[in-house]
Amino acid sequence: MDDEPVHPLLSAYMERREDLIRYFRVRLRSDEAAEDLVQDIYFKITPPPVEPVGNPAAYLFRLGTNLMLDRIKVRRRAEARDAQWHGAHVSDVGGAHVAEEAPADQAAAAKLQLEKILEAVKSLPPAAQEAFRLHKLEGLSHAETAQAMGVSRSSVEKYMMSSLKLIVAKVGRWP
């Protein structure tokens with residue numbers, strides 16, 4: 001049996017877990033979304049920070065609120081991107097929506113290029129992968145990516161520079 005004391009932040013999480021779920025259930029209007037968010041809080045505090053946290057319960061609620069706001073931003077950006085794509089790539093023909101599709105050879109070449117890029121991204125260090133995902137795929141700014149990762153903006157910029165250099169070296173430039 002392990003007699004090590006439980007970190008106060010983890011202890012507060014275990015004690016307040018149901019309160020966190022209730023709190024975020026109301027704000028997100030979804031049991032599943034609240035459960036996912038509270039689980040993400042746990043992932044963010046594991047392992048616990050070295051620095052002591054003055055008010056662990058308040059820290060957990062604030063962390064959850066920040067995660068919730070980040071999710072809302074990402075969802076809104078995705079919706080705006082989808083709406084913009086829909087407007088640019090879908091035409092109305094006789095009242096029906098018709099997507100403009102690329103010729104098969106272009107689609108195949110693009111798919112191959114994407115596979116090469118994803119393979120290159122997988123070879124990046126974990127922090128660079130995370131920065132690339134948040135910035136390039138989820139559309140966060142460098143500052144938002146830095147906040148989400150808990151690093152400086154300068155670190156995110158360095159991750160992105162090294163990521164793009166590696167991708168260009170492995171895949172070449174893409175349009």
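**Salt bridges, a helix cap and a buried helix side**

Arg16, Asp19 and Arg22 are linked in a network of salt bridges, and the questions below look at this and other features of what is a predicted model.

Q: How many salt bridges does the structure hold?
A: Side chains of opposite charge can pair when their charged atoms come close. One case is the network that joins Arg16, Asp19 and Arg22, and another is the pair formed by Glu130 and Arg133. Counted over the structure, the number of salt bridges is 12.

Q: What separates Arg75 and Glu79 along helix H3?
A: The side chains of Arg75 and Glu79 meet in a salt bridge, with 3.4 Å from N to O. Arg75 is partly exposed at a relative accessible area of 44%, and Glu79 is likewise partly exposed, at 45%. Because the two residues are four residues apart in helix H3, which covers residues 56-89, the separation between Arg75 and Glu79 is about one helical turn.

Q: How far apart are the closest N and O atoms in the salt bridge between Glu130 and Arg133?
A: Glu130 and Arg133 are three residues apart in helix H5 (residues 126-137), so about one helical turn separates them. Glu130 is partly exposed, with a relative accessible area of 30%, and for Arg133, also partly exposed, the value is 30%. In the salt bridge between Glu130 and Arg133, the distance between the closest N and O atoms is 2.8 Å.

Q: Which residue meets the side chain of Glu138 in a salt bridge?
A: The partner of Glu138 is a partly exposed residue with a relative accessible area of 30%, and this residue also forms a salt bridge with Glu130. In the contact with Glu138, the distance from N to O is 2.0 Å. The residue whose side chain meets that of Glu138 is Arg133.

Q: Is Ser30 buried or exposed?
A: Ser30 is found in the loop between helix H1 (8-28) and helix H2 (31-45). A residue counts as buried when its relative accessible area is under 20%. Because the relative accessibility of Ser30 is 19%, this residue counts as buried.

Q: Which residue caps the N-terminal end of H2?
A: In the cap, a side-chain oxygen lies 3.4 Å from the backbone nitrogen of Glu32. A polar atom of the same side chain also lies 3.1 Å from the backbone nitrogen of Ala33. The residue that caps the N-terminal end of H2 is Ser30.

Q: What arc do the buried residues Ala34, Leu37, Val38, Ile41 and Ile45 cover around the axis of H2?
A: An α-helix has 3.6 residues a turn, so residues three or four places apart point the same way. In H2, Ala34, Leu37, Val38, Ile41 and Ile45 are buried, whereas Glu32 and Phe43 are exposed on the other side of the helix. The buried residues lie on the same side of H2 because the arc that they cover around the axis is only 95°.

Q: How far does H2 reach from its first C-alpha to its last?
A: H2 has 15 residues, and at 1.5 Å a residue a reach of 21 Å is expected. The reach in this model is close to that expected value, and from the first C-alpha to the last it is 22 Å.

Q: In what order do the elements of the protein chain run from the N terminus on?
A: There are seven helices and two strands in the protein chain. Read from the N terminus on, the order of the elements is α-α-α-β-β-α-α-α-α.

Terms used:
Residues numbered from 1 in each chain as written. Predicted model: local features only at pLDDT ≥ 70, side-chain atom pairs only at ≥ 80, totals over all residues. Heavy atoms only, no water. Buried < 20%, exposed > 50% of the residue type's maximum accessible area, 1.4 Å probe, protein only. Polar contact = N/O pair within 3.5 Å; in protein donor to acceptor, adjacent residues only side chain to side chain. Salt bridge = Lys/Arg side-chain N within 4 Å of Asp/Glu carboxyl O. Expected span 1.5 Å × (residues − 1). Arc of directions from axis to C-beta.
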